[in-house]
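Reader: I am new to this structure. Please take one part and walk me through it closely.

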Amino acid sequence: TDDDPATRETFKDVLEAKGYKVSTAATGEEAIDQSRERPDDILFIDMKLPALNGLETYLAIKEINPRAIAVIITGYYEGMKDLVDKALEKGAYTFMKKPLDMDKVLELIEEIRKKIKK
């Protein structure tokens, strides 16, 4: 979930090229609706979203799909530190700062997938 269309498309293109099924959302509400329709295994949630922030979005999705694994992303870590920390306390897997290094994103996805399989 990211409110920047270019970020969403790049993310989607890179991951789909690696064979992953990807859905994107521009808002927290859209992500929550999507999780009701079909739960995702791994979520990348931008902390700064219109209306609902990333923490609120994560918590709502976690209620729908307790097995969802969330990676919080932010380009404004200093201003979002409290929200990021709260998301981590509530079970988010980790956080990444923007701009995202897609090689690191792919490594993280593989790490999470290995843990899911155990």
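Author: What follows is a close look at helix H2 and its surroundings.

This is a predicted model, in which local features need pLDDT of at least 70, side-chain atom pairs count only at pLDDT 80 or more, and totals for chains, interfaces and linings use all residues. Residues are numbered from 1 along each chain as its sequence is written, and side-chain values use heavy atoms, with hydrogens and water left out.

First, the setting. The protein chain has 5 helices and 3 strands. Helices (H or I, at least four residues) and strands (E, at least two) are DSSP runs, numbered from the N terminus. From that end, the order is α-α-β-α-β-α-β-α. The radius of gyration is 13 Å, close to the 13 Å of the globule rule for 118 residues, so the chain is as compact as a globular protein of that length. That radius is taken over C-alpha atoms, and the rule is 2.2 Å times the number of residues to the power 0.38. The C-alpha trace spans about 30 × 30 × 25 Å along its principal axes. Of the 118 residues, 39% count as buried. Buried means under 20% relative accessible area, exposed over 50%, and partly exposed in between (1.4 Å probe, protein chains only).

Now to H2 itself. This helix covers residues 28-37. Its partner here is helix H3, residues 54-64. Two packed helices are described by the angle between their axes and the distance between the axes. For H2 and H3, the axes come within 9 Å and cross at roughly 10 degrees. The two helices are therefore roughly parallel to each other. Axes are lines fitted to C-alpha atoms, for helices over the stretch in contact, and angles run from 0 to 180 degrees between N-to-C directions. Under 35 degrees counts as roughly parallel, over 145 as roughly antiparallel, 65 to 115 as roughly perpendicular, and the rest as oblique.

Which residues make the contact of H2 with H3? From H2 come Gly28, Ala31, Ile32, Ser35 and Arg36. H3 supplies Thr57, Ala60, Ile61 and Ile64. Contact means heavy atoms within 4.5 Å. The residues divide into 5 nonpolar, 3 polar and 1 charged. Ala, Val, Leu, Ile, Met, Phe, Trp, Tyr, Cys and Pro count as nonpolar, Asp, Glu, Lys and Arg as charged, and the others, Gly among them, as polar.

Take Ser35 from that contact. Ser35 is buried, because its relative accessibility is 4%. Leaving aside neighbours within four places in sequence, Ser35 is in contact with Ile61 and Ile64. Its side chain also reaches the backbone oxygen of Ile32 at 2.7 Å.

Gln34 also sits in H2. At 18% relative accessibility, Gln34 counts as buried. Not counting residues up to four places away in sequence, Gln34 touches Ser23, Thr24 and Ala25.

Follow that contact to Thr24. Thr24 lies in the loop between helix H1 (5-17) and H2. Thr24 is partly exposed, with a relative accessible area of 22%. Beyond four places in sequence, Thr24 touches Arg8, Lys12, Glu30 and Gln34. Thr1 is 23 residues from Thr24 in sequence, yet 5.9 Å away in space, C-alpha to C-alpha.

Notes. A polar contact is a pair of N or O atoms within 3.5 Å; within protein, one must be able to donate a hydrogen and the other to accept it, and residues adjacent in sequence count only if both atoms are side-chain atoms.
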